[in-house]
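Student: I have a structure open and would like to learn how to read it. Where should I start?

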Amino acid sequence: MSIQRQTLREQIETEIMDRVGAGEFRMGDNINEVSLSEELGVSRTPLREALISLSQQGVITRVSGKGFRWAPIGANDFTEAVQIIAALEGLALRLTPASELARIGRELAVQAHEFTASVSSAADIHDHDDAFHALLASGSPNKRLAETVASYKLALRRYERLYVGNADLMERAAAEHEAIAEALLANDLPAAIAALEANWLNSVPRIINALKAKVPAM
C-alpha cells in the first residue's frame, strides 16, 4: 500500500498555487467553485477546504455570503509580508549554531554562484531562490519558525510572475545572495543578517514598480 505524502486538500493547494504563479488567474476576480472543481477533477468539499486554507494565507479572500475571490495584489500587503519574512529568516540565522552557519555559508556560496551562472527561465529562478532561502534557514532548531516562513513565502507566489524574466533585477538579487554567503563565510553574522534583510527589503520597490507597470488600477 502506498502512502500519500500530501492530503487531497494539500494537493489542490499546490496545484492552485502553481497556477497562480503561472499567472492563470486574474487577481480580484471571483472564484467559480463549480468550474474550478470540474477543471481540477475534484469534489467541492476538498476544494473548499483548500480555498479556506489559502484564504488564511492571504492568497484569496473570503467574502461573506459570496464565496471566494482572488486577493487583489496590493503593495502594502507585499511590503508587510516581506518585512515579516526578513525578520523571521534573520531570527533563524541567530538561532543557528555557529558550526552550522559555517557549513551553510559554504553551501550558500555554491548556490549563489549557480544562481548567477545558470538561471534562464522563471522555473529556474523560483527553484534557485527557494533552495537558497530554504538552506539559509535550515540550521535553525526551531522548526515551527521554518513552517511560518514557508507559509508567508507561499502567499507571495502570486507576485512572482510580475518579477521574473527581468535579467537586470535577477542579477541584482544574485549579487545580494552572494553578499549573504560571503558574510557567513567571514563569520560575520550581523553582516549576514543585514545582507539578508537588504535582499528582502530591496525586493519591495522592484515588485511595486512591476505592479504599477503591469497591473491595472482596481
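The dialogue below goes from the overall layout to single residues.

Tutor: Note that this is a predicted model. Begin with the secondary structure: the chain has 10 helices and two strands.

Student: In which order do the elements of the chain run from the N terminus on?

Tutor: The order is α-α-α-β-β-α-α-α-α-α-α-α. The two strands therefore follow three helices and precede the rest of the helices.

Student: How much of the chain is buried?

Tutor: Buried residues account for 43% of the 218 residues. Contacts tell you about the fold as well: among those between residues at least 6 apart in sequence, 73% join residues at least 24 apart.

Student: How do I check the length of a helix, say α4?

Tutor: Count its residues and allow 1.5 Å for each. Helix α4 covers residues 75-95, which is 21 residues, so a span of 30 Å is expected. The C-alpha atoms at its ends are 30 Å apart, and this agrees.

Student: Which residues of α4 are buried?

Tutor: Among them are Phe78, Val82, Ile85, Leu88 and Leu93. The list also includes Thr79, Glu89 and Gly90.

Student: Why look for groups of nonpolar residues in a protein?

Tutor: In soluble globular proteins, nonpolar side chains tend to be buried together. In this model the largest nonpolar core has 31 residues. Leu108, Leu136, Leu156, Ile180, Leu184 and Trp200 touch the most other members. Two or more residues of this core come from each of α4, α5, α6, α7, α9 and α10. There is also a second, separate core of 18 residues, with Leu36, Leu40, Leu51 and Val59 among its members.

Student: Which residues is Ile180 in contact with, leaving aside its neighbours within four places in sequence?

Tutor: Its partners are Phe132, Leu136, Ala192, Ala195, Leu196 and Asn199.

Student: How do I describe the way in which helices α2 and α3 cross?

Tutor: Give a distance and an angle. The axes of α2 (residues 33-40) and α3 (residues 44-56) come within 10 Å and cross at roughly 110°. Angles of 65 to 115 degrees count as roughly perpendicular, so α2 is roughly perpendicular to α3. Helix α2 makes the contact through Glu33, Val34, Leu36, Ser37 and Leu40, and α3 through Arg44, Leu47, Arg48 and Leu51. By type, the residues of this contact are five nonpolar, one polar and three charged.

Student: Is Glu176 buried or exposed?

Tutor: Compare its relative accessible area with the cut-off: under 20% means buried. Glu176 has 14%, so it is buried. This residue lies in helix α9 and touches Ala198, Asn199, Asn202 and Arg206, not counting residues up to four places away in sequence. Ala173, also placed in α9, counts as buried at 5%. Its C-alpha atom is separated by 8.6 Å from that of Asn202, 29 residues apart along the chain.

Student: Where is Asn187 placed, and what is its phi?

Tutor: Asn187 sits in the loop between α9 and α10. Its phi is positive, about 60°, although the residue is not a glycine. Exposed means over 50%, and Asn187 has a relative accessible area of 67%, so it is exposed.

Student: Is Pro190 buried or exposed?

Tutor: Pro190 counts as exposed, at 62% relative accessibility. This proline is found in helix α10. The C-alpha atoms of Pro190 and Leu93 are separated by 9.7 Å, with their positions 97 residues apart along the chain.

Technical notes:
Residues numbered from 1 in each chain as written. Predicted model: local features only at pLDDT ≥ 70, side-chain atom pairs only at ≥ 80, totals over all residues. Heavy atoms only, no water. Helix = DSSP H or I, 4+ residues; strand = E, 2+ residues; numbered from the N terminus. Expected span 1.5 Å × (residues − 1). Buried < 20%, exposed > 50% of the residue type's maximum accessible area, 1.4 Å probe, protein only. Core = buried A, V, L, I, M, F, W, Y, C linked by side-chain atoms within 4.5 Å. Contact = heavy atoms within 4.5 Å. Axes fitted to C-alpha atoms, helices over the stretch in contact; angles between N-to-C directions. Parallel < 35°, antiparallel > 145°, perpendicular 65-115°, else oblique. Nonpolar A, V, L, I, M, F, W, Y, C, P; charged D, E, K, R; others polar.
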